[in-house]
Amino acid sequence: MRRILIVMLLLSSAETMAVERCKLDPISGPHATLVVYRYRLFLGSGRRASIYLDDRQVCSLSNGRYLIIEIPEGNHRLRSSDDKHGGVEQNFLPGQVLYYRVHIEATSSFQVKDFWVLDSVPESRASDELRTLHPQEGETKSIPTVAQAES
């Protein structure tokens, strides 16, 4: 019985350590490009930040990583794992390049519970912060710039 328990624990920890591929459908035609990133911090480093597009989980973002999401034009909702804190719902236009940072915040200084917040970031700040980050596992697209999006 003890061996079975040890094997079960090892298998479950291997599953949680396995890299989860992001679920992004390829887009053809006009689309907006969203760069969602999480800068490297010790706080919350062992946890992943889930990213949702239209209430469908597309990825669990690792510490110090970024993800590029191409979405068709139109009204969409982008949020982190906590739908009450942070997120955006807007009409995305073709050729737009937008940057969002996800980070962890404590509910108060006396509580241990915390939540993920998704904030819009200006391109100038995002480009500085993205220099030290790496693509999320499985990410193959390069970070777009506004000049690339307009051409």
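A salt bridge is a side-chain nitrogen of Lys or Arg within 4 Å of a carboxyl oxygen of Asp or Glu. By this rule, the count comes to six salt bridges.

The structure is a predicted model, in which local features need pLDDT of at least 70 and side-chain atom pairs count only at pLDDT 80 or more, while totals for chains, interfaces and linings use all residues. Residues are numbered from 1 along each chain as its sequence is written, and side-chain values use heavy atoms, with hydrogens and water left out.

**First stop: the open sheet**

Please select strands 3, 2, 5 and 6, which form an open sheet in that order with antiparallel pairing. Strands (E, at least two residues) and helices (H or I, at least four residues) are DSSP runs, numbered from the N terminus. Two strands pair if DSSP finds at least two bridges between them. The edges of the sheet are strand 3 and strand 6 (88-92), each of which pairs on one side only. From one strand to the next, the twist averages 25°; axes are lines fitted to C-alpha atoms, for helices over the stretch in contact, and angles run from 0 to 180 degrees between N-to-C directions.

Now restrict the view to strand 2 and strand 3, which run antiparallel and are joined by five bridges. Which residue in strand 3 is the bridge partner of isoleucine 51? The partner is cysteine 59.

**Second stop: aspartate 55**

Select aspartate 55 and arginine 77, which form a salt bridge whose closest N and O atoms are 2.9 Å apart. Aspartate 55 is in the loop between strand 2 (49-53) and strand 3 (56-61), whereas arginine 77 is in strand 5 (residues 74-80), so this pair links distant parts of the chain, 22 residues apart. Add Arg79 to the selection: Asp55, Arg77 and Arg79 are linked in a network of salt bridges.

Relative accessible area (1.4 Å probe, protein chains only) is called buried under 20%, exposed over 50%, and partly exposed in between. Arginine 77, at 25% relative accessibility, counts as partly exposed.

**Third stop: helix 2**

Select glutamate 129 and arginine 101, another salt bridge, with the closest N and O atoms 2.9 Å apart. Glutamate 129 lies in helix 2 (residues 123-130) and arginine 101 in strand 7 (residues 97-106), so the pair ties together parts that are 28 residues apart in sequence. Glutamate 129 is buried at 16% relative accessibility, and arginine 101 is buried at 8%.

Finally, select aspartate 128 and arginine 131, whose side chains meet in a salt bridge (3.0 Å, N to O). Is arginine 131 buried or exposed? Arginine 131 is exposed, with a relative accessible area of 65%, while aspartate 128 is partly exposed at 46%.
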